[in-house]
Amino acid sequence: MRIAVVGGGPGGLYFAALAKQLDPQREVTVWERNAADDTFGFGVVFSDETLDGIAGADPVIAAAMEAEFARWSDIDIHYRGAVQTSGGHGFAAIERTRLLGLLQRRCRDLGVDLRFSALAPAADALARDYDLVVAADGVNSATRAKHADVFQPSLDERECRYMWLATDRVLEAFTFTVRETDFGPVQVHAYPFSAERSTFIVELTERTWRAAGFADLAARDLPPGRSDEDSVARCAELLGDFLDGSSLLTNNSKWVRFTTVRNATWRHGNIVLLGDAAHTAHFSIGSGTKLAMEDSLALAAALRTAPDLDTALDRYEAERRPVVESTQRAAQASLEWFETIEHAVGQEPEQFAFNLLTRSRRVTYDNLRLRDPEYIAALDRWFDARQPLRRDEPAPPLFQPFALRGLVLRNRAVAAPIAIDRAENGVPGDAELLHLVGKALGGAGLVLAGMTAVSADARATPACAGLYTDEQTGAWRRITDAVHEHSGAAVGVQLNHSGRKGGPGVADLRALAEAELHAIAERFAAAAVRADDAGFDVLEIQAGHGYLLSTFLSPLTNQRTDRYGGGLDGRLRFPLAVVDAVRAVWPAQKPLLARISAVDWAPGGTTVDDAVRIAAAFASHGVDAIDVSSGEVVPHERPAYGRSYQTPFADRIRAATGVPTIAVGGISTYDDANSILLAGRADLIAIGRAHLYDPAWTLHAAADLGYTGPGAHWPSMYAAGSAKPPVGGRARPMLTLRSAETEPVHQRWRPGR
């Protein structure tokens, strides 16, 4: 097999070495346009998982890398004069020039043809002369651009500006530094890579970058290879207290924006993309070199095991794409956190550090507890000490009480409002009773009845429950009495008008005259009175998901030209009228919630900035907490589903307004719930589908956490099951003379000590 590799970076070189090692008869040629000793960048960081793969694939390369590594396990977060440290992470870094050198040496030893300072022929020309063409030609891949019609690349240039630097301050750990300046927050991502140097990446939001004067400094034309020394000097000035006399070092250092690269496919005939040419992930969660070398290993393995080239290339992409996409989702969450860091600045150092550590959703409360138990124990104590309703015994965040007006919830778990559509003529029956009582017995602090219509024509389906007749009120009273008698949960109801989503609903939003709008607001108020009579503790107004109030809020559905349409103030007018009508009759000591769709997931729709204004307006009219959902407004929406995917909206609203928020959507584990609460992203956690899977979700979370306090109420008939049941298995004998040594939680990079 004749193999052409375009690009002599770490990914291309590592693949060439593996391919030649696995079959010495292969003819492998690498083209690199730069000289062998040219490099851009400084250090490269690896995880232990990747290094295990490298060690198994080529022990020679692994040993050479190991001899050069800086190793540590701590992450330090410098913020507001304090340093928070989390241990047990496991990192290794190497100088990029040293990595390239050892990969080049390995390739030469194996007989790879290396051609430096040489432009590769076009990929389609190579494809005619070689059996396989590997395009490892970087983020600006000429191969990808030439065949864009096949690869269908998506290039998402982000907002923040960053500059890749180094410093002669030898850091002891992976270090995040956030400095609050008069211009805005300045963040640094840094890590050691040798006994003399550390990588030092300065990142700024666009607003901070311009306010600090960097736009003017960066406007000058600089020749290729020349660093923006004026901007570097300005960075040194802004970060002088952290640098403490150390210097910033440059290597073609200029301000750039990060571009997330995605491709519909990674192959075109016998041409295949590898590394940054195929995909990128933001530097805040790891190294592009790490991903490229993982690609190289996977491609070499596929060539070895597949019966033919087509199968090998398909296998390579099938194996790597899910891993890469998972990494990109985490990287997206991380880069968006740094893009909106201004909303996290202001937290106390302990919470800010945890928020930063868990920003990608890959690192979580439980994950950190396993890595560094004392770090999480200290955070639990910190969080517990700051709760206004502290109990005598400490509790994990999920099992802390929370007050809304005169109501105190025993924990932060909410059984999300779910429409079960089993009512007859709007009257709830045994199905609704079993559903809500089951969640209450399962330990949730608050259970919410879903989508309850304020009138017969407000139902989304004929089987929707309602609160507009005496019979319905009495039926609901039977359910709330059962919840209160048999559990410690509070119970609430979500009031709704289906609008254009209902069978008997409103066909055209513009057809609603002012008198009709007034009548609908009165029906909401009448339903609120009935909700109080029925014994509900909490009321939620449904103003999201494309139902009537939501259609007023979204610019995609509100096309009115009168005072109820137009800008956001006009679009808010009717929903606020409903809130006012409800709050006027709903008892002052009882909480009022509102659910919104924070974004429409469609161009021209509601944005998170709009959601902040909507939440603030609702709060000023008496809403006590915002239940933050998204979408379901227009059929052409494109939501970015994933774990906790709506939580950033709750976080943004809470940070910007100070209004309590309920996070909902894609939250299924107590680990994610604890992470969200401890990071300050929300105040309550609504669990939907996971509660359908396990009605006792909350109590099982307490059992897994070993928590037995008042935040986890086991009903008397379930008390015997409050401990986790025994599992199968047998006792294992100890058959070693000495116990395996455990790695210390805290390892620092201290060369020469």
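Is His 279 buried or exposed? In this predicted model, His 279 has a relative accessible area of 2%. Buried means under 20%, so His 279 counts as buried. This residue lies in a loop. The loop runs between β17 (271–273) and α12 (288–305).

The surroundings of His 279 were then examined. Leaving aside residues up to four places away in sequence, His 279 touches Val 261, Trp 266, Leu 291, Asp 295, Val 324 and Gln 328. With Asp 295 there is also a polar contact, made side chain to side chain at 2.6 Å.

A second region centres on strand β26 (residues 661–664). Its side chains point in two directions. Thr 661 and Ala 663 point one way, while Ile 662 and Val 664 point the other way. All of these residues are buried.

Strand β26 has a partner in β25 (residues 625–629). The two strands run parallel and are joined by three bridges. Here, Ile 626 stands opposite Thr 661 of β26. Helix α23 (residues 647–657) completes a right-handed β-α-β unit with β25 and β26.

Strand β26 also pairs with β27 (residues 684–687). This pairing is parallel too, and has three bridges. In this case Val 664 stands opposite Ala 686 of β27. Strands β26 and β27 form a right-handed β-α-β unit with helix α24 (residues 670–678). Strand β26 thus belongs to the unit with β25 and α23 and to the unit with α24 and β27.

Note on methods. Residues numbered from 1 in each chain as written. Predicted model: local features only at pLDDT ≥ 70, side-chain atom pairs only at ≥ 80, totals over all residues. Heavy atoms only, no water. Helix = DSSP H or I, 4+ residues; strand = E, 2+ residues; numbered from the N terminus. Buried < 20%, exposed > 50% of the residue type's maximum accessible area, 1.4 Å probe, protein only. Polar contact = N/O pair within 3.5 Å; in protein donor to acceptor, adjacent residues only side chain to side chain. Contact = heavy atoms within 4.5 Å. Pairing = 2+ DSSP bridges. Right-handed = clockwise from strand over helix to strand, strands pointing away.
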